[in-house]
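Reader: Before I rely on any label attached to a model, I would like to see the value behind it set against its cut-off. Could you take me through the labels in that way?

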Amino acid sequence: FTPAVALYKLIENRAPALNMPEVMDGNQTSGDRGAQAGGVEAAGPQAPARMSPAEIAAQAQRQASAPLSAVQRSAAITQQAAAAMAVHDFSKAQELLSQAVALNGRNAEAYNARAIAENKLGKYSDAIHDASFALGLAPGSAAALQTRSWALAQTGQYKEALGDANYSLERDPGNAYAFYNRAFALAGLQDRDGALGSLKKAAD
């Protein structure tokens with residue numbers, strides 16, 4: 001086996017974590033995103049003054065029964081896909097995630113999750129495309145960088161895979177999966193010592 005193939009045999013069953021920014025609404029403003037990133041939730045709609053308890057309850061019921069928006073349905077389907085991947089049904093996950101991105105083209109989480117499913121199905125070119133799209137929506141996302149790094153390495157693009165792995169580690173220095181990606185890319189570049197060093201850090 002070449003060093004890269006040997007490393008692949010060692011880590012082929014490992015999957016990247018589904019850590020992405022919250023589903024992004026195409027109508028959301030940058031200020032809204034900043035507030036969410038800071039962990040501050042926007043205040044919900046306030047009940048008009050002088051509403052009786054019965055009127056407030058009726059209003060809440062109407063809001064609860066309102067149809068879900070496309071963005072909300074996309075987020076719900078993304079969670080269904082995550083459940084499918086948890087039981088290794090990657091074909092079903094890919095199908096669901098295609099529905100999710102059709103409903104909300106700015107759902108970065110769904111694009112990255114579909115790329116993960118495509119990696120598992122051996123559809124590496126598709127995975128590179130989807131992970132790249134996720135990065136366009138969520139620049140610098142460590143999760144999407146890890147997903148794309150793995151797909152790039154599987155297609156022999158080791159230098160590009162190493163770049164993604166290194167940038168991912170800048171964003172998330174303690175992520176073991178990023179070190180595995182880095183090790184695989186370095187092995188493909190015939191840097192045995194560097195690959196072993198990254199594997200050691202992944203195991204720490």
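Author: The turns below take up the chain as a whole, then its salt bridges, its cores, its aromatic pairs and one arginine.

Author: This is a predicted model, in which local features need pLDDT of at least 70 and side-chain atom pairs count only at pLDDT 80 or more, while totals for chains, interfaces and linings use all residues. Residues are numbered from 1 along each chain as its sequence is written, and side-chain values use heavy atoms, with hydrogens and water left out.

Reader: How do you know which kinds of secondary structure the protein chain has?

Author: Helices (H or I, at least four residues) and strands (E, at least two) are DSSP runs, numbered from the N terminus. Counted in this way, the protein chain has eleven helices and zero strands. As for burial, the term means under 20% relative accessible area, with exposed over 50% and partly exposed in between (1.4 Å probe, protein chains only), and buried residues make up 40% of the 204 residues in the protein chain.

Reader: What makes Arg-114 and Glu-118 a salt bridge?

Author: A salt bridge is a side-chain nitrogen of Lys or Arg within 4 Å of a carboxyl oxygen of Asp or Glu. The closest N and O atoms of Arg-114 and Glu-118 are 3.7 Å apart, so the pair satisfies that limit. Both residues belong to helix 6 (residues 108-120), where, being four residues apart, they are separated by about one helical turn. By this rule the count comes to four salt bridges.

Reader: Why are Arg-114 and Glu-118 called buried?

Author: Arg-114 has a relative accessible area of 14% and Glu-118 one of 3%, and because buried means under 20%, the label applies to each of them.

Reader: What makes Arg-114, Glu-118 and Asp-130 a network?

Author: Arg-114 also forms a salt bridge with Asp-130, with the closest N and O atoms 2.6 Å apart. Asp-130 lies in helix 7 (residues 124-137) and Arg-114 in helix 6, so this pair ties together parts that are 16 residues apart in sequence. Salt bridges thus link Arg-114, Glu-118 and Asp-130 in a network.

Reader: How do you know that Asp-164 and Arg-148 form a salt bridge?

Author: The closest N and O atoms of Asp-164 and Arg-148 are 2.6 Å apart, which means that they fall within the 4 Å limit. This pair links distant parts of the chain, with Asp-164 in helix 9 (residues 158-171) and Arg-148 in helix 8 (residues 142-154). Asp-164 is buried, at a relative accessible area of 7%.

Reader: What makes a group of residues a nonpolar core, and which residues have the most contacts inside the largest one?

Author: A nonpolar core is a set of buried Ala, Val, Leu, Ile, Met, Phe, Trp, Tyr and Cys residues joined through side-chain atoms within 4.5 Å. The largest has 22 residues, and those with the most contacts inside it include Ala-81, Met-85, Ala-93 and Tyr-111. Helix 4 (70-86), helix 5 (90-103), helix 6, helix 7 and helix 8 each supply at least two residues of this core. A second, separate core of 17 residues includes Ala-153, Leu-162, Ala-187 and Ala-195.

Reader: Why is the aromatic pair of Tyr-111 and Phe-133 called tilted?

Author: Rings of Phe, Tyr and Trp (its six-membered ring) pair if their centres lie within 6.5 Å; planes under 30 degrees apart count as stacked, over 60 as edge-to-face and the rest as tilted. Tyr-111 and Phe-133 are 4.4 Å centre to centre with 35 degrees between the planes, so they pair, and the pair is tilted. Tyr-111 counts as buried at 10% relative accessibility, whereas Phe-133 counts as partly exposed at 36%.

Reader: What makes Trp-150 and Tyr-177 a tilted pair?

Author: The ring centres of Trp-150 and Tyr-177 are 6.4 Å apart and their planes are at 45 degrees, so this pair is tilted. Trp-150 lies in helix 8 and Tyr-177 in helix 10 (residues 176-188), so the pair ties together parts that are 27 residues apart in sequence. Trp-150, Tyr-158, Tyr-177 and Phe-184 form one aromatic cluster.

Reader: Why is Arg-182 called partly exposed, and what joins its side chain to that of Asn-166?

Author: Arg-182, found in helix 10, has a relative accessible area of 24%, which lies between 20% and 50% and therefore counts as partly exposed. A polar contact is a pair of N or O atoms within 3.5 Å; within protein, one must be able to donate a hydrogen and the other to accept it, and residues adjacent in sequence count only if both atoms are side-chain atoms. The side chains of Arg-182 and Asn-166 are joined by a polar contact of 2.7 Å.
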